[in-house]
Amino acid sequence: MQAPSEAVSWFGPDMSRDPPSQSAPVAEFVRLWRGFMTARVTVGAVLIALQAFLLSTGASLDPWLLLMSCGYFVASLMVRLLHPARRLGPNFDPQWALTVGVDLIVFIALQFFQGGTLNYALLLSLPVLLSGVLGNLSLSLGTAAGATLLLLAHATWWALHNHVDSAARFAQSALTGAGGFAIAFLASLLSNRLALEEKKSIRSLRAVWVQLQINELVIESLRDGVLVVDDQGNVHAANPAARALLGGPALSAPVPWALGSEAGWQALLKLTELSFFRNG
């Protein structure tokens with residue numbers, strides 16, 4: 001006798017048919033990548049609005065800063081829409097240049113030419129965090145080092161062109177750089193930890209899937225009839241022995257089917273109702 005083609009797993013419809021695959025971590029990385037790219041696009045839109053406001057109020061006299069913000073927005077949007085989602089390489093490759101490198105150049109340029117009125121150093125945490133989560137530790141620390149050197153170069157440029165005490169500016173650049181190194185280290189540590197937990201989860205799910213497959217084979221090969229019945233008398237699973245014992249429509253009926261649908265099954269239906277009554 002052959003089991004019906006629409007037979008359902010004894011342990012649920014999802015776990016027992018297909019083994020867990022590596023697609024879940026990949027999908028999670030794609031969502032993470034898109035989140036970072038969306039954040040870059042959002043920052044670009046905010047920069048455009050800010051530069052337009054400064055120009056309209058006369059607080060800024062450099063229209064090219066608005067053009068640079070527009071260029072950053074367009075570049076970020078193009079990467080978000082057209083660039084495939086993949087991890088950053090171990091080195092400063094073209095993918096790094098299109099994302100982290102562009103961020104560093106734009107944010108430092110804004111800091112150089114508008115640093116007297118606004119401080120853009122906080123924005124440097126975005127490329128450092130991006131390289132730590134989507135790349136590796138060495139790449140993230142290298143990005144933090146580059147951002148720190150650029151900030152110190154800006155502080156030096158400021159000290160040479162403004163005859164004022166610039167010790168506070170140097171201290172602020174050093175403190176921002178130290179914070180960047182901390183962000184790089186923690187982001188890379190957390191990213192590696194999450195990747196390790198994802199691998200462990202996949203291995204555990206595969207072990208559970210194998211055990212469920214073994215259990216199903218054991219139940220299917222039992223000579224004793226096994227039924228899974230709910231409190232309404234509906235059969236949700238039946239092994240071949242149970243179908244053979246019930247006979248009639250049970251031989252080919254797709255699950256779920258009702259025990260009350262056949263007069264010869266009424267005694268079994270009453271037994272199941274009694275079992276639920278006693279357990280309740």
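Q: Among contacts in the protein chain between residues at least 6 apart in sequence, what percentage join residues at least 24 apart?
A: This is a predicted model, so let us start with how its chain meets itself. Take the contacts between residues at least 6 apart in sequence, and ask which of them join residues at least 24 apart. That share is 61%.

Q: What pattern of helices and strands does the protein chain follow along the sequence?
A: The chain holds 8 helices and 3 strands. Read along the sequence, they give the pattern α-α-α-α-α-α-β-β-α-β-α.

Q: Over which residues does pLDDT stay under 50?
A: Across the protein chain, pLDDT averages 81, and 87% of the residues score at least 70. Where pLDDT is low, the predicted coordinates should not be read in detail. One stretch, with 12 contacts in the model beyond four places in sequence, has pLDDT under 50: residues 1–7.

Q: What percentage of the 280 residues of the protein chain count as buried?
A: A look at the surface helps here: the protein chain exposes about 15900 Å², and carbon and sulfur atoms supply 67% of that area. A residue counts as buried at under 20% relative accessible area. By that cut-off, the buried share of the 280 residues is 35%.

Q: Is D103 buried or exposed?
A: D103 sits in helix α3. Beyond four places in sequence, D103 touches R40, Y72, L126 and P127. Because its relative accessibility is 0%, D103 counts as buried.

Q: How many of the 10 residues of α4 are buried?
A: Two of the residues that D103 touches, L126 and P127, are among the buried residues of α4. The others buried there are V128, L130, S131, G132, V133 and L134. Helix α4 is mostly covered, with a buried count of 8.

Q: What is the volume of the largest cavity?
A: Rolling a probe the size of a water molecule over the atoms shows where empty space is left. A search of the whole structure finds 1 cavity of 30 Å³ or more. Its volume is about 40 Å³.

Q: Which elements give two or more residues to the lining of the largest cavity?
A: The lining consists of W33, M37, V79, H83, L88, Q95, T99, L130 and L134. The elements that give two or more of these residues are α1 (23–57), α3 (94–114) and α4 (125–134).

Q: How many charged residues are in the lining of the largest cavity?
A: Sorting the lining by class gives 6 nonpolar and 3 polar residues. As for charged residues, the lining has none.

How values were computed: Residues numbered from 1 in each chain as written. Predicted model: local features only at pLDDT ≥ 70, side-chain atom pairs only at ≥ 80, totals over all residues. Heavy atoms only, no water. 1 Å grid on protein atoms, 1.4 Å probe; cavity = no way out; pocket = protein on both sides within 12 Å on 5 of 7 lines; lining within 4 Å. Points joined across faces, edges and corners; volume = space filled by probe spheres on them. Helix = DSSP H or I, 4+ residues; strand = E, 2+ residues; numbered from the N terminus. Nonpolar A, V, L, I, M, F, W, Y, C, P; charged D, E, K, R; others polar. pLDDT = per-residue confidence, 0-100. Contact = heavy atoms within 4.5 Å. Buried < 20%, exposed > 50% of the residue type's maximum accessible area, 1.4 Å probe, protein only. Areas by Shrake-Rupley, 256 points an atom, 1.4 Å probe, with all protein chains shown as cover.
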